[in-house]
Amino acid sequence: MALLGVAEWDVSRLSDRVKNRRPRADADPAEDSDLAKYFINPELGHLDEPCIIMDVHGRIIVWYLPGIYALHRVVSAY
Amino acid sequence: MLIYEKDALNAGISHLRPDLNRAMNALGTVSASWRNSGFSAPPGGGRFGVGVLNFSPGWFQRLHDVRLDQLSIIFAANLVPKSQQLKDHLYVSTSLKTEPAASFLRATASVDVISNAITALVAPRQYDFGLAAIERIKNGHHLDSSHPILDSWISVWSGFSVIVNRATPLHRDLGGAPEDFDLLLSSGTHDACNLDVPDLGATLSYHPGTAVAITGRVLQHGVKGWEGGERICQARFMKDAVHDRLGLPKPTWVNYDDYIGLTSL
């Protein structure tokens with residue numbers, strides 16, 4: 001069970017680098033190649049348990065919360 | 001009767017189905033953006049139909065705020081809205097000013113409550129600024145014109161998209177600050193689905209009832225498809241330009257260390 005994933009890059013610097021291009025059905029090789037020079041992505045694989053993912057400086061970039069909208073958390077009645 | 005929150009969202013979608021259908025029918029008349037492609041209607045239309053709608057209590061008026069069935073008229077008459085400036089008024093989205101939208105908000109109020117609670121925990125500063133923004137929007141001074149539907153808006157988010165039976169290409173979301181999370185709620189009836197995040201080499205199981213808070217301006221994310229049943233995503237977003245317009249700062253990054261002290265209490 002993964003509770004914590006870590007990317008070995010600085011998310012602030014990644015945000016400075018990423019381009020917000022029109023999405024494509026496939027990956028953008030030019031952008032991917034450019035980013036890969038500076039940012040080596042982790043390989044966290046398939047996740048299906050609650051976890052957080054953070055950058056190299058401990059900044060949280062993903063909260064993964066499977067099943068959180070579930071019956072035992074319901075506080076209202078209809 | 002107690003119900004699952006994801007089921008509340010599923011039920012709420014029924015109120016929006018006519019508007020979803022109308023939007024989809026109009027897509028054939030205009031050049032659709034990537035956000036309006038990739039739909040896969042189940043045979044017979046299924047339970048939820050297919051389409052995407054965006055809702056906001058206060059944002060800058062843009063072309064995406066125009067009903068899709070009006071787009072061809074607007075283009076023909078050269079009435080495309082001019083570029084917005086930060087001093088301009090905000091607008092209640094057209095999609096929100098309808099009775100189906102009001103019914104949807106009522107049906108999914110408990111989803112909003114849980115979403116607010118999640119936000120307060122995973123991104124406290126963003127929650128604070130989101131709440132302040134909604135309070136300032138509701139006081140009406142920043143709006144072109146107010147609307148009674150604002151009384152039913154209890155979310156701290158700038159808005160949300162409802163996406164029904166659609167595969168979503170990898171993308172980054174433009175509207176938020178890099179430090180902002182988007183809150184994605186997977187719902188529907190599908191058996192299997194993954195949210196791909198290639199910047200992390202990760203695929204997240206995306207069953208109904210799952211929430212993912214993701215820094216969507218920075219991290220690419222998308223859904224190639226799903227197996228069995230129908231897929232719904234409610235994507236909550238914060239608009240950094242709207243917060244700027246309202247005099248609110250950008251949030252800071254959320255740090256793991258901020259939570260370490262909590263576990264030792």
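**Strand 10 of chain B and the sheet around it**

Author: Let's start with strand 10 of chain B, where neither face is left open: Arg231(B), Cys233(B), Ala235(B) and Phe237(B) are buried on one side, and Ile232(B), Gln234(B) and Arg236(B) are buried on the other. Keep in mind that this is a predicted model.

Reader: What makes strand 10 of chain B "mostly covered"?

Author: Seven of its seven residues, 231–237, are buried. As for the split into two sides, side chains in a regular strand alternate between the two faces of the sheet.

Reader: How do you know which strands pair with strand 10 of chain B?

Author: Pairing takes at least two bridges. Strand 2 of chain B (residues 159–164) has six bridges to strand 10, in the antiparallel sense, so it passes that bar. One place to look is Val164(B), which sits opposite Ile232(B). Strand 4 of chain B (182–188) is also antiparallel to strand 10 and is joined to it by six bridges; there, Leu185(B) has Gln234(B) as its bridge partner.

Reader: Why is strand 1 of chain B called an edge strand?

Author: First, the whole sheet: eight strands, open, with mixed pairing, in the order 1(A)-3(A)-4(A)-7(B)-4(B)-10(B)-2(B)-1(B). Strand 1 of chain B (51–55) and strand 1 of chain A (4–6) each pair on one side only, and that's what makes them the edge strands. From one strand to the next, the twist averages 15 degrees.

Reader: Which strand does strand 1 of chain B pair with, and how many bridges are there?

Author: Its partner is strand 2 of chain B, antiparallel over five bridges. Val52(B) faces Ile163(B) across that pairing, and Leu53(B) is bridged to Val162(B).

Reader: Is this edge strand buried or exposed?

Author: Mostly covered: five of its five residues are buried. Gly51(B), Leu53(B) and Phe55(B) point one way, Val52(B) and Asn54(B) the other, and all of them are buried.

Reader: Why does Asn165(B) count as buried?

Author: Count the neighbours: 26 C-beta atoms lie inside 10 Å of Asn165(B). The cut-off is 20 or more, so Asn165(B) qualifies as buried. This residue sits in the loop between strand 2 and strand 3 (168–171) of chain B.

Reader: What is worth a look in the phi of Asn165(B)?

Author: The sign. Phi is near 50 degrees, a positive value in a residue other than glycine. Most residues other than glycine have a negative phi.

Reader: Which residues touch the most other members of the largest nonpolar core?

Author: That core has 80 residues, and the ones with the most contacts to other members are Val62(A), Ala211(B), Val212(B) and Ala213(B). Take Ala213(B): leaving out residues up to four places away in sequence, its contacts are Val62(A), Trp63(A), Val122(B), Ala123(B), Phe181(B) and Leu183(B).

Reader: Which strands does helix 4 of chain B lie across?

Author: Helix 4 (109–122) lies across strand 4 of chain A (60–65) as well as strand 4, strand 7 (211–214) and strand 10 of chain B. Relative to strand 4 of chain B, the helix runs at about 145 degrees.

Reader: And what is the secondary structure of chain B overall?

Author: Seven helices and 10 strands. Of the 265 residues in chain B, 48% are buried.

Note on methods:
Residues numbered from 1 in each chain as written. Chains lettered and ligands numbered in written order. Predicted model: local features only at pLDDT ≥ 70, side-chain atom pairs only at ≥ 80, totals over all residues. Core = buried A, V, L, I, M, F, W, Y, C linked by C-beta atoms within 7 Å. Buried ≥ 20, exposed ≤ 12 C-beta atoms within 10 Å, placed from the backbone. Contact = placed C-beta atoms within 7 Å. Helix = DSSP H or I, 4+ residues; strand = E, 2+ residues; numbered from the N terminus. Axes fitted to C-alpha atoms, helices over the stretch in contact; angles between N-to-C directions.
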